[in-house]
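Please open the structure in your viewer and keep the selection tool ready. The tour below proposes one selection after another and states what is found at each stop.

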Amino acid sequence: MSSDQIVLFDIPSKPPRAAWSLNPWKTRFLLNFKGLDYKTEWLDYPDIKPRLEPHVPLNPSTGSWTIPTVKFPDGTYLMDSRKIASRVEELYPEPPVHLDSPTLAKLESIIPHLMTALRPIYFLSVPRELLNEGGVKHWYATRPKMAGMPLEQLEKEHGGQQAWDASQPIVHEIEALLKEDQEGPFFLGKAVSYADFVWAGFLLFMQRNGGIDDLYKVCGDVQLHKDLLEATAPWHKRNDY
């Protein structure tokens, strides 16, 4: 049976349950900004594959089923935040989010480097601060392989200040993008775009896992980031349903 409502599949935090993960935040921002009718179906890590496998192929970039995934009103499922953004923009073009922006392309090329630099931080803080019991077990069963070592070793050998120091020049690159249009507070000045959702989603992710204050310490201009979070607040207030 079809429904006019979109379903967003997201990963819950431990109580009080709310959105936290970067990639689902991009999609949640997008749906909120466009004013689309949607509901959230929360999937703990162990439940993602059995729930989604019958409906959508695995994500080729990870070799697994991933969040976010959405179910559109016609009953079709789509996985991967960027693919979802393209489909949503095609189906619901107003207001536009400027997916063809060169600024977005630059930001999307920078973010993976930042995630790598901070992996020794959030690979430990996410299970400690955010995940429930089932999520913690899944995390510790999968992330050491990604890290190439036990997570405690990753934290001991590569975490702490050295990870934040490694992130600093990357954060400054992002600040340079934010300053390209002096009108602000968005990447495209006064125009809201998907780039804002990407970076604000990252800031919310760091806020939720307890790393935002340390992140701000390596920023060149903290106010840029705070202004963006404040400006995007209308679209990140809805975070728990």
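The stops that follow lead from a strand to the core, then to aromatic rings and charged pairs.

**Before starting**

Please bear in mind that this is a predicted model.

**Stop 1: strand β1**

Select strand β1, which covers residues 6-10. How many of the five residues of this strand are buried? The count is five of five, so strand β1 is largely enclosed by the rest of the structure. Colour its two faces separately: Ile6, Leu8 and Asp10 lie on one side, Val7 and Phe9 lie on the other, and both faces are covered.

Now add strand β2, residues 38-42. The two strands run parallel and are joined by five bridges. To see how they are placed, select Ile6 and find Tyr38 of β2 opposite. Stay at Tyr38 for a moment and display Arg238 as well: Arg238 lies over the face of Tyr38, at 3.7 Å from the ring centre.

**Stop 2: the largest nonpolar core**

In soluble globular proteins, nonpolar side chains tend to be buried together. In this model, the largest nonpolar core contains 84 residues. Which of them touch the most other members? They are Leu52, Trp199 and Phe202. Next, select helix α9, residues 194-208. This helix supplies eleven residues, the largest share of the core.

Centre the view on Trp199 and show the residues around its side chain. Leaving aside residues up to four places away in sequence, Trp199 touches Leu107, Ile111, Leu114, Ile174, Leu178, Phe187, His225 and Leu228.

One of these neighbours, Leu178, deserves its own selection. Leu178 is found in helix α8, residues 161-179. Is Leu178 buried or exposed? Its relative accessibility is 3%, and Leu178 therefore counts as buried. With the same exclusion of residues up to four places away in sequence, Leu178 touches Pro185, Phe186, Phe187, Trp199, Leu224 and His225. Use the distance tool between the C-alpha atoms of Leu178 and Asp196: they are 9.3 Å apart in space, although 18 residues separate them in sequence.

**Stop 3: aromatic rings**

The structure holds 14 aromatic pairs. Select Phe123 and Trp139 to examine one of them. The arrangement is edge-to-face, with 5.8 Å from centre to centre and 75° between the planes. Phe123 belongs to helix α5 (residues 119-129) and Trp139 to helix α6 (residues 133-147), so that the pair links distant parts of the chain, 16 residues apart. Phe123 is buried, with a relative accessible area of 3%, and Trp139 is buried with a relative accessible area of 3%.

Extend the selection to Trp20, Tyr45, Tyr122, Trp199, Phe202 and Phe205, which form one aromatic cluster together with Phe123 and Trp139. Then return to Trp139 and add Arg143: the charged end of Arg143 sits over the ring of Trp139, 4.1 Å from its centre.

**Stop 4: salt bridges**

Side chains of opposite charge can pair when their charged atoms come close. Eight salt bridges are present in the structure, and three of them are visited here.

- Select Arg82 and Glu108. Their side chains meet in a salt bridge, 2.7 Å from N to O. Arg82 lies in helix α3 (residues 81-91) and Glu108 in helix α4 (residues 102-117), so the salt bridge ties together parts that are 26 residues apart in sequence. Arg82 is partly exposed, with a relative accessible area of 26%, and Glu108 is partly exposed at 28% relative accessibility.
- Select Glu155 and Arg128. The closest N and O atoms of this salt bridge are 2.8 Å apart. Glu155 lies in helix α7 (residues 151-158) and Arg128 in helix α5, 27 residues apart. Glu155 is partly exposed at 28% relative accessibility, and Arg128 is partly exposed with a relative accessible area of 44%.
- Select Glu133 and Lys137. This salt bridge spans 3.6 Å from N to O. Both residues lie in helix α6, four residues apart, which is about one turn of the helix. Are they buried or exposed? Glu133 counts as exposed at 58% relative accessibility, and Lys137 is exposed with a relative accessible area of 57%.

Key
Residues are numbered from 1 along each chain as its sequence is written. This is a predicted model: local features need pLDDT of at least 70, side-chain atom pairs count only at pLDDT 80 or more; totals for chains, interfaces and linings use all residues. Side-chain values use heavy atoms; hydrogens and water are left out. A nonpolar core is a set of buried Ala, Val, Leu, Ile, Met, Phe, Trp, Tyr and Cys residues joined through side-chain atoms within 4.5 Å. Buried means under 20% relative accessible area, exposed over 50%, partly exposed in between (1.4 Å probe, protein chains only). Contact means heavy atoms within 4.5 Å. Rings of Phe, Tyr and Trp (its six-membered ring) pair if their centres lie within 6.5 Å; planes under 30 degrees apart count as stacked, over 60 as edge-to-face and the rest as tilted. A charge sits over a ring if NZ of Lys or CZ of Arg is within 6 Å of the ring centre and within 35 degrees of the ring normal. A salt bridge is a side-chain nitrogen of Lys or Arg within 4 Å of a carboxyl oxygen of Asp or Glu. Two strands pair if DSSP finds at least two bridges between them.
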